[in-house]
Amino acid sequence: MGKRELGPYPGLRYAHMVSKDIHSSHVVRQFALYPIDIERPQKGRRVEALECGSCQKPLKFKVLSVAATRSRRWAWLVLGLAGVAAALGFGVAIFAVGGQVVEEGASNPVGPLALGFLAGFLSGTVGLSYWRYEDGVRGPGSPLISFGAHALRWPPS
Ligand SMILES: [Zn+2]
């Protein structure tokens with residue numbers, strides 16, 4: 001978790017979707033994985049295009065330096081932990097308030113608390129997932145969400 005080595009080249013691969021089989025209950029996508037052959041810059045970011053190994057389409061990538069990638073990971077981790085803490089706090093508050101009788105006409109405080117819980121839960125989930133997957137690479141799709149023929153993927157370890 002979040003401990004992937006940051007080498008001179010990105011560890012993420014880019015993927016070209018080879019096939020998509022739609023079954024009744026799920027979709028099976030198959031990808032061809034290719035290394036992202038762009039050296040990390042000393043600092044800042046580098047934008048380069050690679051030709052897809054399957055379809056020869058130019059794909060644009062943005063690769064961050066090791067330092068920039070580290071600080072991204074920190075930012076995701078902080079967001080994730082803050083989200084988890086907020087969700088816990090709101091969760092406890094909902095329990096505390098939920099047991100009380102609300103006076104007639106007074107607005108029910110559980111609604112905003114539930115929203116806070118949801119927001120905390122979401123940012124916790126997103127932050128911790130990105131913390132895990134962040135490799136300082138931006139390209140077609142992300143390791144978490146992809147819709148098109150191309151995506152970023154971690155190689156199976
Ligand atoms: Zn392709």
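Which residue in strand 4 is the bridge partner of arginine 46? I would like to begin there, and the answer is valine 63. Before I go further, please keep in mind that what you have in front of you is a predicted model.

That pair of residues belongs to the antiparallel pairing of strand 3 with strand 4, the latter covering residues 58–64, and this pairing runs over seven bridges. Taken as a whole, the sheet in question is open and has three strands in the order 3-4-5, again with antiparallel pairing. Its edges are strand 3 and strand 5, each of which pairs on one side only. Against this sheet packs helix 1, residues 66–98, which touches strand 3, strand 4 and strand 5, and whose direction makes about 80° with that of strand 4. As a general reminder for anyone looking along these strands, side chains in a regular strand alternate between the two faces of the sheet.

Let me turn to the other sheet. Here too three strands form an open arrangement with antiparallel pairing, and the order is 2-1-6. Strand 2 and strand 6, the latter being residues 150–153, stand at the edges with a single partner strand each, so one side of each is left without a neighbour in the sheet. From one strand to the next, the twist averages 40°.

Within this sheet, strand 1, which spans residues 13–22, pairs with strand 2 in the antiparallel sense over nine bridges, and the two form a hairpin with four residues between them. If you want a register point to look for, tyrosine 14 has tyrosine 34 in strand 2 as its bridge partner. On the side of strand 6, strand 1 pairs over four bridges, also in the antiparallel sense, and there arginine 13 has arginine 153 as its bridge partner.

Now to the charged side chains. How many salt bridges does the structure hold? There are two. One of them joins arginine 40 to aspartate 135, with the closest N and O atoms 3.0 Å apart. This pair links distant parts of the chain, since arginine 40 sits in the loop between strand 2 (27–35) and strand 3 (45–51), while aspartate 135 sits in the loop between helix 2 (110–133) and strand 5 (137–138), 95 residues apart. Arginine 40 counts as buried because its relative accessibility is 6%, and aspartate 135 likewise counts as buried, at 1%.

The other salt bridge brings together the side chains of arginine 138 and glutamate 134, at 2.9 Å from N to O. In this pair glutamate 134 is buried, with a relative accessible area of 2%, whereas arginine 138 is partly exposed, with a relative accessible area of 33%.

Let me move on to the helices, and to valine 84 in particular, which has its place in helix 1. Is valine 84 buried or partly exposed? Its relative accessibility is 34%, and therefore valine 84 counts as partly exposed. Leaving aside residues up to four places away in sequence, valine 84 touches Gly120, Gly124 and Leu128. Valine 84 and serine 123 are 39 residues apart in sequence, and their C-alpha atoms are 7.7 Å apart in space.

Proline 112 gives us another separation to set beside that one. This proline lies in helix 2 and is exposed, with a relative accessible area of 53%. Proline 112 and serine 65 are 47 residues apart in sequence, and from C-alpha to C-alpha they are 41 Å apart in space.

Finally, the surface. Which residues make the nonpolar surface patch of about 380 Å²? They are Phe117, Leu118, Phe121 and Leu122. Of these, phenylalanine 117 has its place in helix 2, and at 33% relative accessibility phenylalanine 117 counts as partly exposed.

To draw this together, we have an open sheet in the order 3-4-5, with helix 1 packed on that sheet, and an open sheet in the order 2-1-6. The salt bridge between arginine 40 and aspartate 135 links distant parts of the chain, and a nonpolar patch that includes Phe117 lies on the surface.

Notes: Residues numbered from 1 in each chain as written. Predicted model: local features only at pLDDT ≥ 70, side-chain atom pairs only at ≥ 80, totals over all residues. Heavy atoms only, no water. Salt bridge = Lys/Arg side-chain N within 4 Å of Asp/Glu carboxyl O. Buried < 20%, exposed > 50% of the residue type's maximum accessible area, 1.4 Å probe, protein only. Patch = residues over 30% accessible without salt bridge, like charges linked within 9 Å, V, L, I, M, F, W, Y side chains within 5 Å. Areas by Shrake-Rupley, 256 points an atom, 1.4 Å probe, with all protein chains shown as cover. Pairing = 2+ DSSP bridges. Contact = heavy atoms within 4.5 Å. Axes fitted to C-alpha atoms, helices over the stretch in contact; angles between N-to-C directions.
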